[in-house]
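Visitor: I'd like a close look at one part of this protein. Could you take me to the place where one domain meets the next, and then show me some charged pairs?

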Amino acid sequence: MQKSDCIISVEHVSKHFGEKTVLDDVNLYVRKGEFVTILGPSGCGKTTLLRLIAGFQTASEGVITISGKDITQTPPHLRPVNTVFQKYALFPHLNVFNNIAFGLKLKKMPAATIEKKVTQALRMVGMTDYEDRHVDSLSGGQQQRVAIARAIVNEPEVLLLDEPLAALDLKMRKDMQMELKEMHKNLGITFVYVTHDQEEALTLSDTIVVMSEGKIQQIGTPIDIYNEPINSFVADFIGESNILNGWMIKDKLVSFAGHEFECVDKGFGENAKVDVVVRPEDIYIFDPSEAAQLTGTVTSSIFKGVHYEMLVQTKEGYELMVQDYHCFEVGHEVGLLVKPFDIHVMKKERTCNTFEGKVTDENHVEFLGCSFECSDTKGLAPDTPVTVEVDFDNVVLEDNEEDGKLTGEVKFILYKGNHYHLTVLTDWDENIFVNTNDVWDDGDRVGITIAPDAIRVINQLVDK
Ligand code: ATP
């Protein structure tokens, strides 16, 4: 992007609330006139990022510019932006006209100019003739239109929208999405939109910024993000996916679900552990034949309006989701095939848990704020700094928090065809990753144990 095309730049921005890092070295460039959506699950920091751009909060580190001006410390009312919130925050004692005119009156604009601008803004949001109505006599969708009119009447260079449709019912939300897209086109200004709804992001945006845990995971067009997710988090968050553990045998040959597949990916090295993503609509399903790469039995088949969504248990013990226009009934034996181009191979972010810690005595090592019994302390002297490795399969979760050595909360669950890969945020505020066959829910409180022989100790001073 040319510098002159860029209206907002966010460079190395972090935000801490006390000890907690909510945004971690975020970098983002927004083009003039672009519709950018910041997308991510609850708590990922997307609202905080928007609030830093709006000026309601100040960055702990980094620089934000709008139209080339450093506005990192500028108060909100002096920034060329307006914000539309999820809760419309209209003045209940004023009618529609006066709600929209409020800011213009504060700026002491002539009455005739205000009248003209308000009428224009109302036309823009399809609310002509509603000037005299009291805002509490309006539906949620109409109130949100008034809130948008109140924001655009100031002719901001950038409109910031924080989940503006979240309070509306599904039908109204879909209608308003189309209207917002149209408004964006007609106004020609830059929209920065926050949502946790991936479908909304795919529908509305020129560019999607996917966030998780205070970090940007991927920036791209809706098509890029859908077709080429950069990691398993993005793949899981955007659309339905089969995400499986695999390994690259060599360039263009990958093994997953107990079978070798030709693919188009290369450059991962030989025998490298990878994540493999296959979209359900990219798996061909048919009566068993020689063309099948995998065979299995349909265990669930649901009509989804246009296609059928089916789960197939393969002979090798993996569960795959398949979408097809034809229905294969539960119990039906089927063959499956995936074409090389539809297999997406991604580097694994990590292959085991690693923690910083120290040996405390010949049978114990300390990490994650706890002392763990360990059979691999290698006779190291107390206080020797070590790196600790624990395989995902060797972390055990307990229903009863008291049964665990430490406690935490299940934050993110990834189904990998024959097991779940969980991210658990420990109460020490560090993540631990777990492979399990047990079914857990987001937000479950758990106890965590690790067997003494499952802890590998690496002497930081020598073994590296
Ligand atoms: P949601 O969709 O639920 O609003 P979000 O992705 O917009 O989530 P943020 O509102 O940006 O997330 O919050 C990110 C994290 O920062 C959360 O853990 C939240 O509790 C924390 N947080 C936000 N504001 C503050 C604050 N003023 N003080 C302390 N923590 C905060």
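Guide: Here is a walk through the domain boundary, followed by a few salt bridges. Keep in mind that this is a predicted model.

Let's start with the layout. The chain is divided into domain 1 (3–232), domain 2 (245–347) and domain 3 (353–459). We'll look at where domain 1 meets domain 2. Their C-alpha centres lie 40 Å apart, and 8 residues of domain 1 are in contact with 5 residues of domain 2. How do people put a size on a meeting place like that? The size of an interface is often given as the accessible area lost when the parts come together. For domain 1 and domain 2, the buried area is about 540 Å², and carbon and sulfur atoms give 48% of that. On the domain 1 side, Tyr226, Pro229 and Ser232 supply 67% of the area buried against domain 2, more than any other three residues.

What about charges and polar atoms here? There are 0 salt bridges across the interface of domain 1 and domain 2, but 3 residue pairs are in polar contact. Helix α7 (residues 222–227) gives the largest share of the side of domain 1 that touches domain 2, with 3 residues. Sort the residues on that side by type and you get 4 nonpolar, 3 polar and 1 charged.

So where can you find salt bridges? Side chains of opposite charge can pair when their charged atoms come close. Over the whole structure, a search finds 18 salt bridges. One of them joins Lys174 and Glu199, whose closest N and O atoms are 2.9 Å apart. Lys174 sits in helix α5 (residues 170–187) and Glu199 in helix α6 (residues 198–204), so this pair ties together parts that are 25 residues apart in sequence. Lys174 counts as partly exposed because its relative accessibility is 32%, and Glu199 counts as partly exposed too, at 44%.

Now hop over to Lys304 and Glu309, whose side chains meet in a salt bridge at 4.0 Å, N to O. Lys304 is partly exposed at 46% relative accessibility, while Glu309 is buried at 12%.

Another pair is Lys315 with Glu333, at 3.3 Å from N to O. Lys315 lies in the loop between β17 (308–314) and β18 (319–324), and Glu333 lies in strand β19 (residues 333–338), so the pair ties together parts 18 residues apart in sequence. Lys315 is exposed, at 57% relative accessible area, whereas Glu333 is partly exposed, at 39%.

One last stop: Asp275, Lys348 and Lys416 are linked in a network of salt bridges.

Key
Residues are numbered from 1 along each chain as its sequence is written. This is a predicted model: local features need pLDDT of at least 70, side-chain atom pairs count only at pLDDT 80 or more; totals for chains, interfaces and linings use all residues. Side-chain values use heavy atoms; hydrogens and water are left out. Domain bounds come from an automatic or database domain assignment. Contact means heavy atoms within 4.5 Å. Buried area is the accessible area (1.4 Å probe) that two parts lose on being put together, summed over both. A polar contact is a pair of N or O atoms within 3.5 Å; within protein, one must be able to donate a hydrogen and the other to accept it, and residues adjacent in sequence count only if both atoms are side-chain atoms. Helices (H or I, at least four residues) and strands (E, at least two) are DSSP runs, numbered from the N terminus. Ala, Val, Leu, Ile, Met, Phe, Trp, Tyr, Cys and Pro count as nonpolar, Asp, Glu, Lys and Arg as charged, and the others, Gly among them, as polar. Buried means under 20% relative accessible area, exposed over 50%, partly exposed in between (1.4 Å probe, protein chains only).
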